[in-house]
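Here's a quick briefing to read with the model open in your viewer. Take it topic by topic and check things off as you go.

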Amino acid sequence: MKYMLLFALLLASLSSGAQTPFDKRSKKTNLPPTPFINTIQKTDGSALNTMQDRPSLMDKALKEFDIRKDAAKRSPASNPAHARDIAFMFLKQEGVSIDTKFNPDDLRMYESTIDGQGIYHIKFQQVFRGIDVFGAEIFVHLLNGETYAHGNWANIPDNFNTAANISYQASMDAAVRSLQPEWGFKPFTQEEKELLKYEGPESRLIVLMLEERPVLCYDIFIRPNIMERWKVRVNALTGAVIESYNYTCHVDGPRTGTGTDLNGVTRTINSYLIGSTHYLIDATKSMFSLSASILPDDPAGAIWTIDAGTTSGSSFNQVTSASPNFSNPRAVSAHYNAGVAYEYYKNTFNRNSINGTGGTIISVINIADQNGQTMDNAYWNGTFIAYGNGRDIFKPLAGSLDVAGHEMTHGVVEKSANLEYKNQSGAINESMADIFGCMMDRDDWKLGEDIMKPGITSTGALRDMQDPHNGGSSLTDNFYQPKHMTEYYNGTQDNGGVHINSGIPNHAFYLFATAVGKERAEQVYYRTLTVYLTKTSQFKDLRKAVIQSATDLYGTSVAAEAGEAFDAVGIYEPSPGSPIGNNVADLPVNPGQDFILYYDLDPSVSSTLTIAVVSSGSASGQTTRLIKKKPSVVDNGAYCYYVGSDSRIYRLLLDGSKTETLVSDQTIWDNVAVSKDGKRLAAITSNQDTSIYVWDFGKQEWHQFKLYNPTYSGVTSGGVLFADALEWDHTGTRIMYDAKNIINNNAGSDYVYWDVGIMNVWDLESNSWSTGKIEKLFSSLPDNVSIGNAVFSQRSPYIVAFDYVNAATNQYSVVGYNLNTNTSGTIFNGRDLGFPSYSKNDNILLFNAFNTFDEEVVAQAPLATDKINRTGSPTVVVSLAKWGVWYANGTRPLLFGNKDITSFAFLGLDPPVQATISGTTITATVPSTTDLTKLVANFTSSPYSVVKINGIIQTSGVNVNDFTTPVTYTVVAQDGTSKNYTVRVVKSSVSVNIPQKEFLKVYPNPAGGILNIEHKEPVQRIEIYSSTGQLLMEETPVSNSHRLNIGQLEPGAYISFIYTAEGRIPYWFVKQFQ
Amino acid sequence: MKTLVLLGLTVVFSMNSCRHIAFRKYVKDMYISYGRGGGFTGATETHIIRGSGSLYHIKAFSTDTVFVKTANKKTLKEIFLYADSKKLKKIDWNKPGNMTGFIHFYRDERIVKSWQWSEGSDIPVELRELYNRLNKLN
């Protein structure tokens, strides 16, 4: 596709050879560079033909004239008049030989000069009945000993009509009309007239040869302004403008003009002049880089608007004008709005463009759908914002600032949290786009109101953050959105309702912004998006992130408003102490004996791979084969795999038998990793083929998975070159790899870095290949930073260690990282890559290092219980060695088999209801007024398990279900086994009496370490529950006033039950950060 | 001789009609829905082609399923056989984006295979081929 030209420079720079420390691990074969893509075709879209477009037509109309004759006998010219006569006689004699129709009487001499060498030069203009024939000139040079005549001559028939049908004035009026739309003529002051010696357009008749035919024209000189000079030629018979051109010599660069947008408003437009053509490239922002730009087809750091020409994106054209003013309303709207969106992010958050680093913002107008019909939509595709021209429901969508802001924010999301575009994370993605679109177009809370056709919705808008119902009453109504979790859409359409359920967080933002002001709210949400949200954040995580951001920026009172806003839409605080998700369980310790497999570098020893027994320190060489990369060991320590220096894959038994088997004799491999259960191999080749190959021993087949950099839009064009280090997770379904990426940055030089991704290659449920979907360990890395050689800990699937390199500071570190809490620790600072490996208890980390003799060693460091920080000093394990792998030779389960529901409640009810779990039966008694058809359950289940109802995954506090009849919850463990629970909900026959709530005082809220509880009646008992229904504390004060110590609780929201003799009173409170 | 020829022809024609009946039975409970949607509005245009050859269209923001036409039998057969082929079944692709293209292949009202991709992204050639063939029906 032609728009790929934007990456032409990127692709062409593949051979630049920029290196990082991770590159030194292997040498890859370069692929041939991609051919340079054709440049965008230019069209001015106007009816004018420029001189540049039609020179060939002129050339053919005139006959060439070239005669040289000996002039030894010619008498010298004594004066210019004499020279003219000589020249004229010469032409009379010789001209006929060129063309029998040549008539020297049709020549008018307009110049006769003598140069310093005494040579006369006489210039003649051809005329026809006194009218100049444009371009027909003959020059005669009276050289020493030679007469030379050359030029052009036109044959004009005798009956050619030289009587004009239109007047001089009419011709000048036509010329002005032709230039008016682009130039908008400005009257000259008297001083300007005197300076330019210009009173107004000047017109004269000429004969213009077009396609070998003479045409009688007015040749008009006209100035639209003090700078520009134009020639316009008007047919003297018809009054039609034949051609025009600007013959002012310009300096290329930014220009400012105006244009009328789709709403009829005149906007200031920034364009870029190249030659005599203005392009919709705004180069006025500080992010613009002329040196990095290839103009006009690849501007760097610009705001750029192009035209898809009513294609679906198969071709693009520049939007151009002969003047700085543009007359295309769609282009004007798109271009202007992109500038407004840029300025909003820059001025409000100091964010430099969509990607934060001054990347070009591209808007494409006139995009059609794939059937060629005009599109009733706009979208962001990861590279540009595309605007359709509307059809049944919308007017041209470029006319709306909130559309531009919405789509541009998708780009910002992609470059920050990179929220996955489905289900709740996708709804948050959509919500963020709506929020910031609304903040740019901030006079109302509606979206799309400027472009919606009348009569489509009662509100006139596509969406309404103030009232997401938007005039509808249920999910079956078009343009209706839920505004509370009880209205949540559970279906699969719209990627799990990303445009539907976004109404809920939208409304939360509206409530929050109304309470604290838009200026504070947008700052809080920007921080939320760029600092705290992750790609799979759910609504409950959004709540947490917003509250934290509000606390960071403005303190607890604003944070409390955020909490109330989320409470109001039914998004409650997740259970404190548990990280995002419930995946905190550890695998059992491998019961086997400890070993270290390492690569011996001692030159006095022939063996390479060597096994050392940890307890005794005894070591035994296993092979003498040279290998390319660190070996990969199965979890039970039975064997390992590696790629030999011959690029073949080998397997080595680790039972001491030294049995080495050739596994793949194709000499193409660079690295291999075996899954911990031994069921699969992951391998990469020595080519830059951007793939990971996986062999499944059960299916006995290879599967190729392509690497890509996941973006908001799902797939991006690339930037990934190849993978290197490979590591399987414990389940044998995902591969963690590091990969080299290359980006062309705005400074013009290649930017190379390594990062870590996790690819999903196998599906346990179907026992077959998965999609190859990739998540990055980090959505973005700081400049000059690369990471790689990532490994999982042996027991905790959420703990990894990797090499961290800062090229600017030459810092090499081995870093531990907790995927659940997003916290990290530096374990070791070295001088080269570490290639870490966890011990079987995760209490020691092995890594490459150098000793005081500058020799490579395998070193170890003791780890803290968090497994990401070091507690003691590192020590050498093996000298003259590298690539230590710690393993044990016992067997343990690698998949979690727990499949219990551990708590169950309906916390959204008033009062909240705890359910009773007895075996696989869960019962709950709810207030008599409860609508059983729409209940949201709060529950916890075993780590790594998935809870489903009829195959649909359930999320605590999210899914709405009908409990009028018993509901079966199926808990599926990671190992694929499952257990069913039956949930029965009955209504209480007695209406719930909330005893004397008005006499209860609970303060402060939010609370710090102490919660004061007072009641008119003695408080008999206090229970504190998490938001998922887990009982965390209970006390029996038996007094009217009690100070409850809640210091041990994690920050978050809780529900307390306060018991008096009258009954039980529920009370929500927030424990704040301290 | 004539009898033999007639018998032979009868056998040939019978075999052909068996194959025709076999295909009709094969696609009887199949249908494919396909289209694209998302973007700013969330609008989705969907077409459904049934095994019977009936093509339907569901416009964005509408629940009405509108009959469009009856597809050519030869084209229909090619499409269903291709969609149900091994090489398509081997492709797993669930990567929606802001604008998502999709194909859902149903049998007996249950999804047999489902593909989603982000507009403008590179998808397997076979999937692109199926999508192009389906869109040509519109």
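**Chain B at a glance**

Chain B is built from four helices and seven strands, and along the sequence they run α-β-β-β-β-α-α-β-β-β-α. Keep in mind that this is a predicted model.

- Chain B has 138 residues, and 30% of them count as buried.
- Take the chain B contacts between residues at least 6 apart in sequence: 43% of those link residues at least 24 apart.

**Chain A at a glance**

- Chain A holds 13 helices and 65 strands.
- Of its 1074 residues, 46% are buried.
- For chain A contacts with a separation of 6 or more, 57% come from residues 24 or more positions apart.

**Where the two chains meet**

- How many residues does each chain bring to the contact? Chain B puts in 25 residues and chain A puts in 30 residues.
- On the chain B side, the elements giving two or more residues are strand E5 (93–95), strand E6 (99–107) and strand E7 (110–118).
- E5(B) supplies the largest share of that side, with three residues.
- Sorted by class, the side of chain B that touches chain A comes out as eight nonpolar, 13 polar and four charged residues.

**A closer look at B:Gly101**

- B:Gly101 sits in strand E6 of chain B, one of the strands that give two or more residues to the side touching chain A.
- Buried or exposed? B:Gly101 is buried, because 25 other C-beta atoms lie within 10 Å and the cut-off for buried is 20 or more.
- B:Gly35 is 66 residues away from B:Gly101 in sequence, yet their C-alpha atoms are 5.8 Å apart in space.
- Which residues does B:Gly101 contact once its neighbours within four places in sequence are left aside? Those are B:Arg36, B:Trp117, B:Glu119 and B:Tyr131.
- One of these partners, B:Trp117, falls within the 110–118 span of strand E7 of chain B.

**Confidence in chain A**

- The average pLDDT for chain A is 86, and 90% of the residues score at least 70.
- Residues 1–17 of chain A stay under 50 in pLDDT, and the model gives them 37 contacts beyond four places in sequence.
- Residues 711–718 of chain A also stay under 50, and here the model has 34 contacts beyond four places in sequence.

How values were computed: Residues numbered from 1 in each chain as written. Chains lettered and ligands numbered in written order. Predicted model: local features only at pLDDT ≥ 70, side-chain atom pairs only at ≥ 80, totals over all residues. Buried ≥ 20, exposed ≤ 12 C-beta atoms within 10 Å, placed from the backbone. Contact = placed C-beta atoms within 7 Å. Nonpolar A, V, L, I, M, F, W, Y, C, P; charged D, E, K, R; others polar. pLDDT = per-residue confidence, 0-100.
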